[in-house]
Amino acid sequence: MEYHCTNAVRRAAAGVVLAGIGLLLAPGCGVINPDLLGTVLPNSTIGIPAPEGTIVIAVMNRSPAIVAAQVQVTKLNGGVVDLTIPVQPFDSSTANPADRAFAVQDCDIYSIRLVQILAGLPTGGAVQQFASSLPPLVDGVELSCGKLVTITVVGTPPNLQAAVEVY
Amino acid sequence: MKDHVRHYGCLLFAPMVLAPLCGCLNPEFLNSAVGGVYYPTAPGDTPFVMVRVVNETTATLDVPIVWDDGSLPTYSYTVRGLTPEGHDTGTLVQWPVLRIGLGDLDFPNAPLIVANFPDGSSTGVIFGRSALQAGVDYNEGDTIIFQIAADSRSPAYIRVDAGKIDGSSQLETGLSRADPFGRLWSLLAALGF
């Protein structure tokens with residue numbers, strides 16, 4: 001009886017230890033080179049690194065101005081990608097895709113910051129700068145893999161506004 | 001002894017099987033490994049084609065992504081200043097899109113990709129292949145990846161590789177999480193774009 005009891009306790013303890021080791025090691029699996037996986041798994045093209053997921057940045061222009069959104073993306077490795085995303089004035093035709101534009105990033109992002117928006121009328125005139133004081137969207141707070149970040153420009157020059165939202 | 005192996009083997013195997021299900025594994029790692037089980041890596045059933053540019057060189061790149069829908073004008077989205085640390089970025093193109101390429105759709109040997117090296121020199125890089133064509137090289141919902149890599153056998157010592165993630169490979173499972181493509185498509189429809 002005592003022997004069986006000791007064995008049961010030992011097995012339970014071993015199970016807890018092994019499960020603990022598994023859980024401790026599991027988050028570290030990201031250290032495995034995804035490039036290597038990209039070369040051996042069927043869903044990826046040979047030699048091309050497989051993305052971890054996607055974060056989409058959409059710039060949608062509902063104003064009559066030509067707009068360029070300047071966005072700074074900071075990667076987890078410290079790398080920076082500066083994006084300039086130009087869009088044409090709003091056109092009610094869904095067939096014309098020029099009034100919206102999209103940037104995509106892999107999920108290895110620390111932050112996304114709208115640096116500023118430049119806007120001008122197609123007929124010329126002054127270039128307006130706005131939306132330069134918004135705080136960055138940060139990984140783990142507003143951002144995570146699979147998020148959609150939208151920058152929507154509304155209004156009529158010189159009263160233009162930008163709204164940044166995360167879905 | 002055999003009993004011990006069987007027993008402890010099961011104990012080891014159980015966490016390995018259960019860990020992904022309870023979210024213990026890094027989902028982004030798993031996602032890249034099994035191709036979109038958590039987060040889609042291609043637009044899938046939404047009417048987009050995703051185009052990604054990956055910088056595997058030591059240079060900072062300016063990369064014009066160009067496409068058309070069979071009528072004028074040709075659309076473009078230029079990635080400027082993509083550093084090796086920045087590594088990758090891209091754009092999402094709304095379907096229908098007939099041809100996709102880098103630089104110039106009709107002149108693939110025009111050196112319109114600009115590589116700025118750390119020593120201050122810069123060079124033009126050719127796309128070097130015909131523009132990718134809908135129905136042949138890609139379909140609605142796919143992801144196209146252009147990898148720009150150092151290659152001493154290529155002009156300018158840089159070559160462009162193209163790869164594809166098949167949109168139909170995106171798995172709809174109970175594990176699926178955020179889908180930015182589906183959300184974007186719904187949002188565009190709601191806002192009248």
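The following exchange asks how several descriptions of this predicted two-chain model are justified.

Reader: What makes B:Pro40 count as buried, and where in chain B is the place of this residue?

Author: The place of B:Pro40 is in the loop between α2 (27–34) and β1 (48–56) of chain B. A residue is buried if 20 or more other C-beta atoms lie within 10 Å of its own, and B:Pro40 has 32 such neighbours, so it counts as buried. Leaving out residues up to four places away in sequence, B:Pro40 touches A:Thr54 of the partner chain as well as B:Gln170, B:Asp179 and B:Phe181 of its own chain. The C-alpha atoms of B:Pro40 and B:Leu98, which are 58 residues apart along the chain, are separated by 23 Å.

Reader: Why are B:His87 and B:Tyr157 called partly exposed?

Author: The term covers residues between the limits for buried, 20 or more neighbours, and exposed, 12 or fewer. B:His87 has 19 other C-beta atoms within 10 Å, which is below the limit for buried but above that for exposed, and therefore B:His87 is partly exposed. For B:Tyr157 the count is 15, so B:Tyr157 is partly exposed by the same test.

Reader: What is noted about the backbone of B:His87 and B:Tyr157, and where do they lie?

Author: Neither is a glycine, yet phi is positive, near 70° for B:His87 and about 60° for B:Tyr157. B:His87 is in the loop between β3 (75–82) and β4 of chain B, while B:Tyr157 is in the loop between β9 and β10 of chain B.

Reader: Which peptide bonds are called cis, and what are their omega values?

Author: One is the bond from A:Pro157 to A:Pro158, with omega near 5°, and A:Pro158 is found in the loop between β8 and β9 of chain A. Another joins B:Trp95 and B:Pro96, with omega about 10°, and B:Pro96 lies in the loop between β4 (88–94) and β5 (99–102) of chain B.

Reader: How do you know that β8(A) and β9(A) pair?

Author: Pairing requires at least two bridges between the strands, and eight bridges connect β8 (residues 148–156) with β9 (residues 159–166) in the antiparallel sense, so the two strands of chain A pair. Among the bridge partners are A:Val149 and A:Val166, the latter in β9(A). With two residues between them, β8(A) and β9(A) form a hairpin.

Reader: What makes β1(B) and β9(B) a pair, and in which sense do they run?

Author: Seven bridges join β1(B) to β9 (residues 143–150) of chain B, against a requirement of at least two, and therefore they pair, running parallel. B:Val51 stands opposite B:Ile144 of β9(B).

Reader: Which strands stand at the edges of the eight-stranded sheet, and why?

Author: The open sheet has the order β9(A)-β8(A)-β1(A)-β4(A)-β4(B)-β1(B)-β9(B)-β10(B), with mixed pairing. β9 of chain A and β10 (158–165) of chain B stand at the edges, because each has a single partner strand and one side of each is left without a neighbour in the sheet. Neighbouring strands of this sheet are turned by 20° against each other on average, with direction ignored.

Reader: Which strands does helix α3 of chain B lie across?

Author: Helix α3 (residues 180–191) of chain B lies across β1 (55–61), β4 (100–105) and β8 of chain A, together with β1 of chain B, and runs at about 10° to β1(A).

Reader: Which residues have the most contacts inside the largest nonpolar core?

Author: They are A:Val56 and B:Val49, in a core of 77 residues. Leaving aside neighbours within four places in sequence, A:Val56 is in contact with A:Phe102, A:Val104 and A:Leu148 and, across the chains, with B:Leu92, B:Pro180 and B:Leu184.

Reader: Where in chain A does pLDDT stay under 50, and how should such a stretch be read?

Author: Chain A averages a pLDDT of 80, and 77% of its residues score at least 70. Over residues 26–46 of chain A, however, pLDDT stays under 50, although the model has 38 contacts there beyond four places in sequence. Where pLDDT is low, the predicted coordinates should not be read in detail.

Definitions and conventions: Residues are numbered from 1 along each chain as its sequence is written. Chains are lettered from A and ligands numbered from 1 in the order in which they are written. This is a predicted model: local features need pLDDT of at least 70, side-chain atom pairs count only at pLDDT 80 or more; totals for chains, interfaces and linings use all residues. A nonpolar core is a set of buried Ala, Val, Leu, Ile, Met, Phe, Trp, Tyr and Cys residues joined through C-beta atoms within 7 Å. Two residues are in contact if their C-beta atoms, placed from the backbone, lie within 7 Å. Helices (H or I, at least four residues) and strands (E, at least two) are DSSP runs, numbered from the N terminus. pLDDT is the predictor's confidence in each residue, from 0 to 100. Axes are lines fitted to C-alpha atoms, for helices over the stretch in contact, and angles run from 0 to 180 degrees between N-to-C directions.
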